[in-house]
Amino acid sequence: MDDSARQSAMLVGTAVTSLITGYILGVYAIRGYLISPELAEERRRAYADPVESDESDVDEGDVPLDHAPNWANGRDADKRQGLSFQAAQSKPAPPIDTHEECKLVLVVRTDLGMTKGKIAAQCSHATLACYKSLVRAPVGSPGHSMLSRWERHGQAKIAVQIKSQEEMLELRRKAHSLGLTAEVIQDAGRTQIEAGSMTVLGVGPAPRSLVDQVTGHLKLL
């Protein structure tokens with residue numbers, strides 16, 4: 001074999017060896033074999049299954065980032081995140097579907113001294129709580145029909161005001177007596193107000209005439 005042939009063979013052998021060595025080193029690096037035990041443990045924790053955050057770093061400014069309801073995991077997750085619903089143990093049957101325009105009324109307590117941002121967050125919680133309550137209704141049922149009609153026609157939402165927890169609970173009782181969805185939001189107390197404070201009552205979505213029997217006398221917020 002002449003010199004040029006030997007040099008070519010050496011180059012090919014070197015390239016193949018480098019390729020195999022690089023592949024092995026890459027596999028070891030990806031699997032964490034080439035890093036310290038401390039870094040390996042940190043990497044393992046970083047890629048482990050995520051854990052729900054308790055969001056302890058809530059913004060303390062004018063618009064606090066309250067803990068929104070967890071859509072995927074239901075009420076148990078809502079409660080773990082600091083949001084609870086004060087609902088009756090049992091509810092009457094939903095109202096008869098009259099094909100009337102539907103609306104959702106958000107009844108806000110003004111005696112708590114909540115900022116505009118806080119009120120907005122609590123109203124968002126109440127809206128989602130009422131939606132989740134109705135979205136579980138069987139397809140074709142009056143509750144499902146009302147929710148679908150509300151979604152198709154602008155999702156009308158009205159904010160009104162009251163000045164006490166007693167009045168809020170009385171409104172909820174009246175709503176349930178008419179077969180309406182009524183959800184009270186109870187604050188976690190991480191920002192502006194005392195823990196357990198009932199902040200907003202959501203009534204509906206339901207036919208306008210029925211909702212007005214509960215909230216029609218209240219002043220707009």
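Visitor: Why is the pair aspartate 111 and arginine 109 called a salt bridge?

Guide: In this predicted model, the closest N and O atoms of aspartate 111 and arginine 109 are 2.7 Å apart. The cut-off is 4 Å between a side-chain nitrogen of Lys or Arg and a carboxyl oxygen of Asp or Glu, so the pair qualifies.

Visitor: What makes arginine 109 buried or exposed?

Guide: Arginine 109 has 7% relative accessibility. Buried means under 20%, so arginine 109 counts as buried. Its partner aspartate 111 has a relative accessible area of 39%. That value lies between the 20% and 50% limits, so aspartate 111 is partly exposed.

Visitor: How many salt bridges does a search of the whole structure find?

Guide: Five. One of them joins the side chains of glutamate 101 and arginine 208, at 3.0 Å from N to O. This pair links distant parts of the chain, with the two positions 107 residues apart in numbering. Glutamate 101 is in the loop between strand 1 (84–85) and strand 2, and arginine 208 is in helix 7.

Visitor: Why are glutamate 101 and arginine 208 called partly exposed?

Guide: Glutamate 101 is at 42% relative accessibility, and arginine 208 has a relative accessible area of 28%. Both values fall between 20% and 50%, so the term is partly exposed in each case.

Visitor: What separates glutamate 170 and arginine 173 in helix 6?

Guide: About one helical turn, because they are three residues apart in helix 6. Their side chains meet in a salt bridge of 2.9 Å, N to O, which is within the 4 Å limit. Glutamate 170 is partly exposed at 42% relative accessibility, and arginine 173 is partly exposed at 49%.

Visitor: How do you know whether threonine 215 is buried or exposed?

Guide: Its relative accessible area is 4%. The limit for buried is under 20%, so threonine 215 is buried. Threonine 215 belongs to helix 7 (residues 208–215). Leaving aside neighbours within four places in sequence, threonine 215 is in contact with Val105, Val107 and Val203.

Visitor: Which residues of helix 7 are buried?

Guide: Leu210, Val211, Val214 and Thr215. They cover an arc of only 120 degrees around the axis, so they are on the same side of helix 7. The cover over these buried residues includes strand 2, helix 6 and strand 5.

Visitor: What covers the buried residues of helix 5?

Guide: The cover includes strand 2, helix 4, strand 3 and strand 5. The buried residues of helix 5 are Gly143, Met146, Leu147, Ser148, Arg149 and Trp150. Helix 5 is followed by glycine 154, with a positive phi near 95 degrees.

Visitor: Which residues have the most contacts inside the largest nonpolar core?

Guide: Val107, Leu171, Leu180 and Leu201, in a core of 36 residues. The elements giving two or more residues to this core include strand 2 (102–109), helix 4 (116–135), helix 6 (165–177), strand 5 (198–207) and helix 7. Setting aside neighbours within four places in sequence, leucine 171 is in contact with Val107, Ile162, Leu201, Val214, His217 and Leu218. In soluble globular proteins, nonpolar side chains tend to be buried together.

Visitor: Why are cysteine 123 and cysteine 130 called buried?

Guide: Cysteine 123 has a relative accessible area of 12%, and cysteine 130 is at 0% relative accessibility. Both are under 20%, so both count as buried.

Visitor: How many disulfides does the structure hold?

Guide: Zero. A disulfide would need a pair of cysteine sulfur atoms within 2.5 Å.

Visitor: What pattern does the protein chain follow along the sequence?

Guide: The pattern is α-α-α-β-β-α-α-β-α-β-β-α, from seven helices and five strands. Among contacts with a separation of 6 or more, 74% are between residues 24 or more positions apart.

Visitor: What share of the protein chain counts as buried?

Guide: Of its 221 residues, 37% count as buried. The protein chain exposes about 13100 Å², and carbon and sulfur atoms supply 57% of that area.

Notes:
Residues are numbered from 1 along each chain as its sequence is written. This is a predicted model: local features need pLDDT of at least 70, side-chain atom pairs count only at pLDDT 80 or more; totals for chains, interfaces and linings use all residues. Side-chain values use heavy atoms; hydrogens and water are left out. Helices (H or I, at least four residues) and strands (E, at least two) are DSSP runs, numbered from the N terminus. Buried means under 20% relative accessible area, exposed over 50%, partly exposed in between (1.4 Å probe, protein chains only). Contact means heavy atoms within 4.5 Å. A nonpolar core is a set of buried Ala, Val, Leu, Ile, Met, Phe, Trp, Tyr and Cys residues joined through side-chain atoms within 4.5 Å. The arc is that of the directions from the helix axis to the C-beta atoms. Accessible areas come from the Shrake-Rupley method with a 1.4 Å probe; for residues, only the protein chains shown count as cover.
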